[in-house]
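This briefing covers a single protein chain, and it is meant to be read with the sequence and the coordinates at hand. Please look over both before going on to the notes on pockets, aromatic contacts and backbone features.

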Amino acid sequence: MRYTRLPSGEQVPVLGLGTWHMGERPENRQNELDAIRSAVDSGMNVIDTAEMYGDGAAEELIGQALSGRRTDAFIVSKVLPHHATRRGTLNACENSLRRLGTDYVDMYLLHWPGAVPLEETLEAFDALLRAGKIRYWGVSNFDTADMEELLALRGGEAVAANQVLYNLTRRGIEFDLLPWCRQRTLPVMAYSPLEQGRLLGDPELLRLAADYGATPAQIALRWVLRNDATIALPKAGTPGHVGQLGKALDIPLSPQDMAALDRAFPPPERKVPLEVI
């Protein structure tokens, strides 16, 4: 496993597990429980979730999977923008903690910018930090201007990460947001790094996968992880799938391979509004 550093200096793995749509189908539950445990066992212990995912079902799944081993995982959860008032954020966090079966989350994110003034959300984050309910806070789906606004606020400099959509087909953040975050040593968490599987039939990915005896998903994930400033959060619903994704870090993509992927998936040449799914 490779690691990146949070602004605090704490090291976290560059590869974790996303849980969007997990915990929603009873017939998948055992596989999903085993997948979460397998991810933690293999060092992919950043487990990402949100109160929105299945109206809390994903958080409940994680709580069951990590019962008795909470400290093995780095749990990330999120508050919905319309809950992000001072009181609403505190209540949302308490509800997430109850579903997760824990008394703290490692990182708590504002899921996307909303109508509630950021100052109010930051006050709640600070209160949660002081109470030991969260260890760090961050944001999700914040573009460069949103980040500038955040850092201009009192307490905004405490932001620990920005989670955004990033994969071979969604490279817009490379023009400005990614360099902005790197300049400030702020990790970017990449959700949907495999574009929910939609990019895996691309001919260039298939060619490279054949060259390396790998899968297109492993190649696409290895590309996202080509530097240590990005934390990738692919979803995997079975232990076998977790194991396959974990092997992506072992693929030695060459500069020529990276150039070929640039030709197949060109980087942005201008500012692109932040994409979300």
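How do the residues of the lining of the largest pocket divide into nonpolar, polar and charged? The lining comprises 11 nonpolar, 11 polar and four charged residues. The model is a predicted one, and every value below was computed from it. From the record, UniProt lists residues 15–263 for "domain: NADP-dependent oxidoreductase", in an unreviewed entry; this span is 41% helix and 14% strand, and its end C-alpha atoms lie 25 Å apart.

**Pockets**

- The largest pocket holds about 460 Å³ of space, and among the 26 residues that line it, those closest to its centre are Trp20, Tyr191, Ser192, Gln196 and Lys235.
- The second largest pocket has a volume of about 180 Å³, and its lining is made up of five nonpolar, one polar and four charged residues.
- Helix H4 gives the largest share of the lining of the second largest pocket, with six residues; the residues that line this pocket include Glu119, Leu122, Glu123 and Asp126, as well as Arg154, Gly155 and Ala158.
- Phe125 and Trp137 also belong to the lining of the second largest pocket, and both of these residues are buried.

**Enclosed cavity**

- The count of cavities of 30 Å³ or more comes to one, and the volume of the largest cavity is about 50 Å³.
- The lining of the largest cavity is formed by Leu165, Arg170, Gly172 and Ile173, together with Val272, Pro273, Leu274 and Glu275.
- By class, this cavity lining consists of five nonpolar residues, one polar residue and two charged residues.

**Aromatic pairs and charges over rings**

- The model has five aromatic pairs, and one of them joins Phe125 and Trp137, whose ring centres are 5.3 Å apart and whose planes meet at 25°, so this pair is stacked.
- The pair of Phe125 and Trp137 links distant parts of the chain, with Phe125 in helix H4 (residues 118–131) and Trp137 in strand E7 (residues 134–140), 12 residues apart.
- Tyr166 and Trp223 form a tilted aromatic pair, with 5.5 Å from centre to centre and 45° between the planes.
- Because Tyr166 lies in the loop between strand E8 (162–165) and helix H6 (177–183), while Trp223 lies in helix H8 (residues 216–224), this pair ties together parts that are 57 residues apart in sequence; Tyr166 and Trp223 are both buried.
- Phe125 and Trp137 also take part, with Tyr108, in one aromatic cluster.
- The ring of Trp223 has the charged end of Arg226 sitting over it, 3.9 Å from the ring centre.
- In the other case described here, the charged end of Arg70 sits over the ring of Tyr104, at 4.0 Å from the centre of that ring.

**Loop residues and backbone angles**

- His21 is not a glycine, yet it has a positive phi of about 75°; this residue is placed in the loop between strand E3 (17–18) and helix H1 (29–41).
- Is His21 buried, partly exposed or exposed? With a relative accessible area of 40%, His21 is partly exposed.
- Thr185, likewise a residue other than glycine, has a positive phi near 50°, and its position is in the loop between helix H6 and strand E9 (188–191).
- Thr185 has a relative accessibility of 57% and therefore counts as exposed, the cut-off for that class being over 50%.
- Leu200 is found in the loop between strand E9 and helix H7 (203–212), and with 23% relative accessibility Leu200 counts as partly exposed.
- The C-alpha atoms of Leu200 and Ala217 are separated by 6.2 Å, although the two residues are 17 residues apart along the chain.

How values were computed: Residues numbered from 1 in each chain as written. Predicted model: local features only at pLDDT ≥ 70, side-chain atom pairs only at ≥ 80, totals over all residues. Heavy atoms only, no water. 1 Å grid on protein atoms, 1.4 Å probe; cavity = no way out; pocket = protein on both sides within 12 Å on 5 of 7 lines; lining within 4 Å. Points joined across faces, edges and corners; volume = space filled by probe spheres on them. Nonpolar A, V, L, I, M, F, W, Y, C, P; charged D, E, K, R; others polar. Phe/Tyr/Trp six-rings, centres within 6.5 Å; stacked < 30°, edge-to-face > 60°. Helix = DSSP H or I, 4+ residues; strand = E, 2+ residues; numbered from the N terminus. Buried < 20%, exposed > 50% of the residue type's maximum accessible area, 1.4 Å probe, protein only. Lys NZ or Arg CZ within 6 Å of the ring centre and 35° of its normal. UniProt positions renumbered as here; feature names shortened; annotations may be inferred.
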